[in-house]
Amino acid sequence: MSFNTPIDRRGTNSAKWDLMETLYGVSPKDGLAMWTADSDYATAPCVIAAVKAAAEHGVFGYGIEDDAYFDAIIWWMQNRHGWSVDKDWIMTTQGLGNAIALCLDVWTAPGDAAVIFTPVYHEFSLKVQRAGRVVTECPLVRQDETYVLDLDDAQSRLTGKEKMLIWCSPQNPSGRVWTKDELRAVSDFARKNGLLLISDEIHHDIVFSGNTFVPMANAVPEDADNTVYLTAASKTFNIAGQRTGNMIIPDPTLRAAMQKRLTMLDYEPSVLGVRMITAAYSPEGAEWADAQIAHLQTNCAIFNEGINAIPGLWSMPLQATYLGWVDFSGTGMTHEEVSGRIRDTAKIAVSQGPTFGTGGETWMRFNLATQTKKVEDAVRRMQRAFSDLQ
């Protein structure tokens, strides 16, 4: 389980590395890709072994979601998160981006609005807009070294067109792990306002020591009839390219509506995706996931120390995820000036803060799921790029 073995991903159809110049103007020849949320090291050995076994079998015909697949998901949720999931609740989609798009399609209509709490994963707003729906932004409040909710302010921003609340837990980009009381407050807010709650919990396995992730289903079990839970192995095991995620829907009416849509779309799961998740959600996969968290905590500590040594920069302490969230407001520079230095001098492709919505204007997001030497290199590059502030 070496997370520091160098792997050259350039020229391998990697979106993270092979699109960085097109999207961010940073050449992969001498630049660092620290934008999209996938990791630069090999996945768990048990997952690789499952793929090798499938390749050696040599037949890739139509497949099914077998009992081993469902049992693995049930085992993982119970053993990692204390969440008891019934087999009948589990539905497979082409990843969680696809799941969110499906939720918008099934339970909202063009012109309806969806609530998001910003700054948040930029694809939430993009998917809402692509579906012909309207985004209602409710800003989080910066308090001390993290974000908190202001539901009174959120209430004042509703227009009456809202039908859905898309929630992110743990929070991306801040790495915030929400408390049980906060989760209950969000669920109560959704029910009070007639909003179907979509709880995206894709980063739930990457939680740092001293913090405890609480599934929305455990925080508010009585609201299961108004909630769709989204989970995936994709971030934990870096298998997002298999486009396989799960909607867990306890309510039979909600589940029937989604199944009708999946049937109409003639959806069938990826054969390799099912095998990889079955292998990942295992004791061997759990051991690997724990080792990864230790590696990421090391990377995060190195990154925070180096970035916070630059006057005017501040990296928010992570409770979860592998996404460094850095505030540049103390530099007094415009976003364009900051972005230019990171692109042209540091030569790092990063996610632009303004794309995360209100509250992200002075921020940038850095992906730390890579070899430690790359994180150290990134820190040196940033210190050079902003050396005149030191």
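Begin by selecting Thr 334, which sits in the loop between strand S12 (323–327) and helix H14 (335–346); helices (H or I, at least four residues) and strands (E, at least two) are DSSP runs, numbered from the N terminus. Residues are numbered from 1 along each chain as its sequence is written, and side-chain values use heavy atoms, with hydrogens and water left out. The model is predicted, so local features need pLDDT of at least 70 and side-chain atom pairs count only at pLDDT 80 or more, while totals for chains, interfaces and linings use all residues.

Staying with Thr 334, colour by exposure: its relative accessible area is 39%, so Thr 334 is partly exposed, a term for values between buried (under 20% relative accessible area) and exposed (over 50%), with a 1.4 Å probe and protein chains only. Now add Ser 351, which is 17 residues from Thr 334 along the chain, and the C-alpha atoms of the two are separated by 16 Å.

Next, select Thr 36, Ala 37, Asp 38, Lys 235 and Ala 240, which are the closest to the centre of the largest pocket among the 46 residues that line it. A pocket is an open set of points on a 1 Å grid over the protein atoms alone, where a 1.4 Å probe fits, with protein on both sides within 12 Å along at least five of seven lines, and lining residues have an atom within 4 Å of a point. About 1,200 Å³ of space lies in this largest pocket. Helix H5 (95–107), helix H6 (122–130), helix H10 (234–237) and strand S13 (348–352) each supply at least two residues of its lining, and H5 gives the most, with 4 residues.

For the second largest pocket, with about 190 Å³ of space, select its lining residues, including Glu 65, Phe 70, Met 91, Leu 262 and Tyr 267. Strand S2 (90–93) and helix H11 (252–264) each supply at least two residues of that lining.

Phe 70 leads to the last stop, because it is also among the buried residues of helix H4, which are Tyr 69, Phe 70, Ala 72, Ile 73, Trp 76, Met 77 and His 81. These residues cover an arc of only 160 degrees around the axis, which puts them on the same side of H4; the arc is that of the directions from the helix axis to the C-beta atoms. Finally, select Gly 82, which follows H4 and has a positive phi, near 65 degrees.

Technical notes: Points joined across faces, edges and corners; volume = space filled by probe spheres on them.
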